[in-house]
Structure formats: C-alpha cells, structure tokens
Amino acid sequence: MKRITLFAVLACFIYQARAQHLLYVPDTLSGTAFNLTVHRDSVSFFPGTFTQTFGINSHKYLGPTLFLRKGDSVSITVNNQMGDTTSMHWHGLHVAPANDGGPFSMIMDGMSWSPKFIVRNNAATYWYHPHMMMKTAAQAIKGDAGLIIIQDSAEQALMLPRRYGIDDFPVIVQSVELDSLNQFMPRGMVDSIVLVNGTDSPLVNLPAQVVRLRLLNASGERTFNFGFTASKSFKVIGNDGGLLPAPVTATRVRLSPGERAEILVDLDGMAGQTIHLMSYASELPMGVQGGPTMPMPPGSPLMNSPLNGINFNILQINIGAQTAAPITTIPATLVPDTPYTESMANTTRTIHMTADSMMVMDGPFYFNHNLYDANRIDYHIPLNNIEIWTLMDSTMVAHPFHIHDVHFYILDRNGNPPDAVERGRKDVLLIQPNETVRFIAKFDDFADTTLPYMYHCHILMHEDDGMMGQFVVGGERASVNNINSTEKGMMVFPNPASESITISIEGAASSGVSGIAVYDVMGRKVYAGTLENTITINTAQWVKGLYFVTAISSGHSIRKTFMVR
Ligand code: C2O
Ligand code: CU
Ligand code: CU
C-alpha cells in the first residue's frame with residue numbers, strides 16, 4: 001500500500017507539472033457520403049518524443065465527428081492505411097450485420113469497405129471504433145475511434161444547445177498508459193494519463209450559459225464517475241440510445257467503457273470563474289476499475305493506476321462571456337419513450353460471467369464458461385423477438401456488457417429498478433461483482449442467418465481475450481445472398497457449402513476485377529486466384545466455419561460471407 005500511495009503522490013505531481021493544452025475539438029463531416037481514411041501517425045504528447053498513433057483523415061489521433069440525420073440513407077467508405085487488417089464498427093447503430101463492422105467485416109491493409117445503410121437511430125451520441133479479433137484494444141487505444149452524432153426532428157424541436165464547439169462539445173475521455181518510450185500500452189492497467197479528445201491536460205473556454213457536453217468513455221478499462229467541482233449539479237438529458245423523457249438532475253454520472261451521456265451544465269452568471277470536470281473515483285465501489293485499490297498480496301505486480309480511488313481533474317473549464325442568442329433555460333420535458341414491458345417478452349436467456357477462480361483480476365473471463373468462438377453461434381434469435389436477458393457477474397471485477405444491433409431497457413438491478421439516468425435506451429451496462437441485472441430488447445428489422453452480431457465486455461482486453469459471444473437474428477435463408485447492395489454483383493453459392501463453393505461475378509472481366517481471395521475468420525488467406533466470370537473452389541477439406549470472399553477491383557473490394565459445414 002505504501003508503494004501505491006507514494007506512486008500516487010508522484011503521479012499527481014507529474015500530472016500538475018505538465019503544460020495545459022486547449023481542448024481539441026474534432027472537425028465534423030456531414031451529409032450522406034462519408035470517407036474515413038485510417039492511417040499511421042504520431043503525436044508528441046511529451047516534448048522531444050513521439051507516440052505512435054492511428055489517425056483518421058487529417059487527424060493525427062482519433063477521427064472527425066460524423067453528423068448523421070435519422071432517416072437518411074448514408075454510405076461510409078473506410079480506407080485502411082494502417083499496415084494491418086482492421087474493421088470499423090458503428091457502436092450503437094441499428095444496422096444489418098453486414099454493415100455493422102464486426103470482426104467478420106475485415107478490411108485488409110490497403111483496401112476499403114463501403115457499407116450503406118439507412119440511419120434508424122434516435123438523436124444521441126454514438127461512436128465508431130475497430131473490432132478486429134484480438135486487436136481491438138491495440139487499434140482503438142492508439143486513436144482509431146471517433147464520435148457519431150445523430151440528429152432527428154424530435155431533438156431539433158427542443159430548445160437545446162447544439163452549436164458544435166460553441167455550446168455543444170464532444171468530450172471523449174480516455175485514460176491511457178505509456179511505456180518508458182512514451183508508446184501506448186493497449187493492455188496497460190497503470191493508466192495515469194487522461195486524454196480528452198486526444199488532448200493531454202486539457203482546458204476549455206465555455207460561455208456563461210447552458211452548455212451541452214457529450215461524454216463518451218472511450219477507455220480500455222477505466223470507469224469514470226463524472227461530476228463537477230464542488231459537486232455542482234447538472235442535468236442528464238440522454239444516454240446511449242436517445243434523449244430521456246425528461247432531464248434528470250444529478251451531481252454524478254458514472255460511465256464505464258463504451259457508455260455515453262449527454263449532460264447540460266448551467267454556467268449562467270459564472271463568467272470569470274473556473275471549474276473542473278472531474279472523476280469522483282473515490283466513490284466508486286471496489287471491483288469497478290478505477291475505484292479504490294484492491295488489497296494485493298505482497299510482491300504482486302503493480303496493476304493499480306495512481307488514479308484508482310482518488311478524485312481527479314479531467315477537464316478545466318474557464319467560463320467566459322455569453323455568446324449571442326444563448327440558451328439559458330433547460331426544457332422540462334424531452335422526448336417521450338415507452339420501454340418494453342416484461343409481459344411482451346417471449347424468450348429469456350441467462351449469461352453468467354465467470355473466471356477460472358474467484359481471485360482472477362485480469363482475465364480471461366467467460367460468458368457461461370465459454371471463450372469466444374468465431375465458429376459457434378451462441379444464440380439463434382427469431383426476427384422481432386422480444387427477449388429478457390439476465391446477466392450475473394460471479395467474478396471479482398465489474399464488466400461493461402455491450403450488445404450490437406439493439407438497444408435495451410434495464411428492467412432491474414438485483415431486483416431494484418434502475419436509476420433514472422439508466423431508464424432510457426442503452427447499449428452498454430456496467431455489472432458489478434455479485435450483481436444480477438436484467439434487460440429487455442427487441443431484435444427487429446435485420447435478419448441474416450450467416451453473419452452474426454456480437455455481444456461482449458467493453459473492457460477491451462477482456463473482449464480481446466475472448467469475453468465475447470455472437471448471435472444471429474432471423475430464420476430466412478433468403479437474406480444470405482443479399483447482404484448489402486455493394487455486393488449485389490457477386491453470387492456465392494451454395495451457402496452453406498460442404499463440398500465446393502461457386503463464386504460468380506457479373507461482368508467480372510469487363511469491370512476490372514483483378515483477383516479474388518478467400519479468408520478465414522482469423523484473416524488468413526486460404527485461397528487466392530484470378531477470376532473470369534465463375535469459379536468453383538473445392539472446400540471438402542476446409543475447416544468448418546465462416547469464410548469471406550473478397551473480389552478486388554482497382555483497389556476497392558467487394559465481399560461476401562459464406563459458411564462451410
Ligand atoms: Cu463498441 Cu462491439 O463495440
Ligand atoms: Cu457496438
Ligand atoms: Cu470484462
């Protein structure tokens with residue numbers, strides 16, 4: 001304990017000695033056609049040294065904020081210039097599995113991927129990050145991530161601050177660990193540096209009026225217990241999947257990795273003052289990463305960050321003059337939303353989180369005693385099913401549970417209704433040791449019997465270590481060969497295959513298709529060849545499971561998924 005205390009004192013000293021930087025506000029992209037290029041870059045967080053990063057478009061770290069409008073049909077092209085295989089997931093977006101950017105939507109180095117979908121989500125704050133098997137932490141923590149803001153008419157009708165970078169700010173919070181050469185340690189648990197929008201020791205000038213902050217915890221493992229200096233109160237207006245029915249007055253909002261909250265803070269009459277956005281981590285329960293240090297047996301490796309269990313500053317806020325046409329009042333009601341009720345559910349499932357022993361702190365952790373298996377579908381869910389999932393945590397640490405495709409409503413935690421801020425549409429929930437949490441969700445709109453959606457722990461190293469499962473929705477075979485419009489020209493049959501698979505591409509020769517490749521779920525190339533119009537590959541000896549066929553034409557790829565069984 002002594003060593004940890006000394007370390008904490010030292011770290012605070014270093015923390016304060018670092019120069020402050022004006023909060024970086026990522027630029028924005030809007031419209032219906034988006035282009036993201038992920039590339040290698042570097043940032044000088046500390047004078048004289050460069051930290052290797054991933055940046056998107058003109059950014060050296062993180063990417064632009066995407067503004068999407070509900071109802072729009074959008075296309076997003078992701079160009080991979082990372083020097084490694086990747087994928088890009090739209091966290092919280094309700095899209096078909098082929099557009100979701102999960103681990104099966106691999107983008108090879110030098111290639112691009114162009115999902116097209118209709119924006120169906122409500123106005124709220126979402127985000128994007130890669131989702132490659134065993135590489136999510138390494139890629140996301142180095143900066144391959146960004147914010148998505150969805151707008152809709154219900155939100156637009158309210159008198160809310162929405163001038164980006166003026167009275168409406170992204171606040172992407174990441175705690176990171178750098179090694180002695182100032183390089184990211186994606187699995188580091190001694191994370192002592194807190195970046196906001198990629199800014200180290202940030203300060204922001206805000207006007208003396210009602211300001212909206214879009215908080216995202218994009219950290220690998222740390223939970224933040226957000227609040228302001230002197231416990232100044234604020235209003236929570238939205239969480240993961242939309243605005244709440246009414247603002248909720250709060251002095252804290254706890255966000256685990258992956259979770260978002262939109263808050264309004266009233267700075268009217270405070271011009272000239274300085275306050276801080278903080279994490280009141282001393283109030284977190286033991287077992288929640290970032291909370292008080294667990295007693296460690298003597299001689300064990302230092303796994304605890306100096307930030308654990310202490311209250312620390314995240315963002316300095318200098319309050320200046322009001323802008324023109326300031327928002328100075330907060331609406332009493334927001335957007336009505338009716339949760340599903342228990343009587344509507346027709347299926348229940350139980351997920352038990354376990355480890356090899358009760359003492360395991362760093363994994364591996366399991367769902368129902370299983371590690372992720374890309375070739376195992378954990379649940380087959382009928383389209384339009386309304387389901388209750390019961391989660392139980394029998395490990396000694398808390399886990400932020402995340403599910404793709406749907407938003408859910410928390411029914412209860414240990415039998416008690418959730419706090420008001422957790423009553424809206426969620427896609428991540430933090431479950432604590434010995435807790436039982438139930439949620440209800442409807443699996444509507446998208447069916448695909450081959451390509452699964454993921455559910456996983458959003459502690460990225462737990463996810464990478466296999467704390468993940470997958471489900472398919474729907475029972476109609478028809479959807480298999482019609483995954484997404486960019487792939488319409490390619491037919492792959494029969495699917496599932498056993499003896500052989502036939503691939504045919506309309507007008508392959510004339511459209512400049514230079515070759516085809518087939519990859520297994522680990523991204524290993526199992527077949528490469530040139531394509532005329534039709535090719536048949538013998539699959540009799542192939543390992544059962546999912547495969548991806550990619551046809552390459554002038555640097556762009558079209559792809560399909562098929563199964564061998
Ligand atoms: Cu934000 Cu499957 O992840
Ligand atoms: Cu997600
Ligand atoms: Cu976990």
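# Exercises on two copper sites, the sheets and the cores

In sequence, the donor residues of the copper ion (ligand 3) follow the spacing H-x57-C-x4-H. The structure is a predicted model, so please treat the exercises below as a guided reading of that model.

**Exercise 1.** Find the protein donors of the copper ion (ligand 3) and work out whether C457 and H462 are buried or exposed.

*Solution.* Start with the spacing pattern, H-x57-C-x4-H. Next, put residues to the letters: the donors are H399 through ND1, C457 through SG and H462 through ND1. They lie 2.0 to 2.2 Å from the ion. Now turn to accessibility, where buried means under 20% relative accessible area. C457 has a relative accessible area of 1%, so C457 is buried. H462 is at 4%, and therefore counts as buried.

**Exercise 2.** Identify the residues that coordinate the copper ion (ligand 2), and say which strands they come from.

*Solution.* Two residues do the job here: H89 and H402 each offer NE2, at 1.9 Å. Then place them along the chain. H89 belongs to strand β7, while H402 belongs to strand β28 (residues 399-403). With their positions 313 residues apart, the pair links distant parts of the chain. Last, check accessibility: H89 is buried at 1%, and H402 is buried at 1%.

**Exercise 3.** Trace the open sheet that contains β7, and name its edge strands.

*Solution.* The sheet has 5 strands in the order β2-β5-β11-β10-β7, and its pairing is mixed. Read off the two ends: β2 (28-30) and β7 (89-91) are the edge strands, each pairing on one side only. On average, neighbouring strands of this sheet are turned by 25° against each other, ignoring direction. For a look inside the sheet, go to β5 (residues 65-69) and β11 (residues 146-151), which run parallel and are joined by 4 bridges. There, L66 stands opposite I148 of β11.

**Exercise 4.** Work out how β3 is paired with β6 and with β4, and how enclosed β3 is.

*Solution.* Take one neighbour at a time. With β6 (residues 73-81), β3 runs parallel through 7 bridges, and L36 has V78 in β6 as its bridge partner. With β4 (residues 51-56), β3 runs antiparallel through 6 bridges, and V38 stands opposite I56 in β4. Now count buried positions in β3 (residues 33-43): 8 of its 11 residues are buried, so the strand is largely enclosed by the rest of the structure.

**Exercise 5.** Give the strand order of the open sheet with 7 strands, and find the partner of I172.

*Solution.* The order is β14-β13-β12-β16-β21-β18-β19, with mixed pairing. At the edges are β14 (199-200) and β19 (242-250), each of which pairs on one side only. Within the sheet, β12 (residues 168-176) and β16 (residues 210-217) run parallel and share 6 bridges. In β16, L216 is the residue opposite I172.

**Exercise 6.** Name the residues with the most contacts inside the largest nonpolar core, then list some neighbours of F104.

*Solution.* This core has 42 residues, and those with the most contacts inside it are W90, L93, F104 and I148. I148 is familiar from Exercise 3, where it faced L66. Leaving out residues up to four places away in sequence, F104 touches residues including M133, Y372, L451, M454, V521 and F548. Another core, of 41 residues, lies apart from this one; among its members are V211, V253, L277 and F312.

Note on methods:
Residues are numbered from 1 along each chain as its sequence is written. Chains are lettered from A and ligands numbered from 1 in the order in which they are written. This is a predicted model: local features need pLDDT of at least 70, side-chain atom pairs count only at pLDDT 80 or more; totals for chains, interfaces and linings use all residues. Side-chain values use heavy atoms; hydrogens and water are left out. Two strands pair if DSSP finds at least two bridges between them. Axes are lines fitted to C-alpha atoms, for helices over the stretch in contact, and angles run from 0 to 180 degrees between N-to-C directions. Donors are N, O and S atoms within 2.8 Å of the metal (3.2 Å for Na, K and Ca); water is not among the atoms, so sites may look incomplete. Buried means under 20% relative accessible area, exposed over 50%, partly exposed in between (1.4 Å probe, protein chains only). A nonpolar core is a set of buried Ala, Val, Leu, Ile, Met, Phe, Trp, Tyr and Cys residues joined through side-chain atoms within 4.5 Å. Contact means heavy atoms within 4.5 Å.
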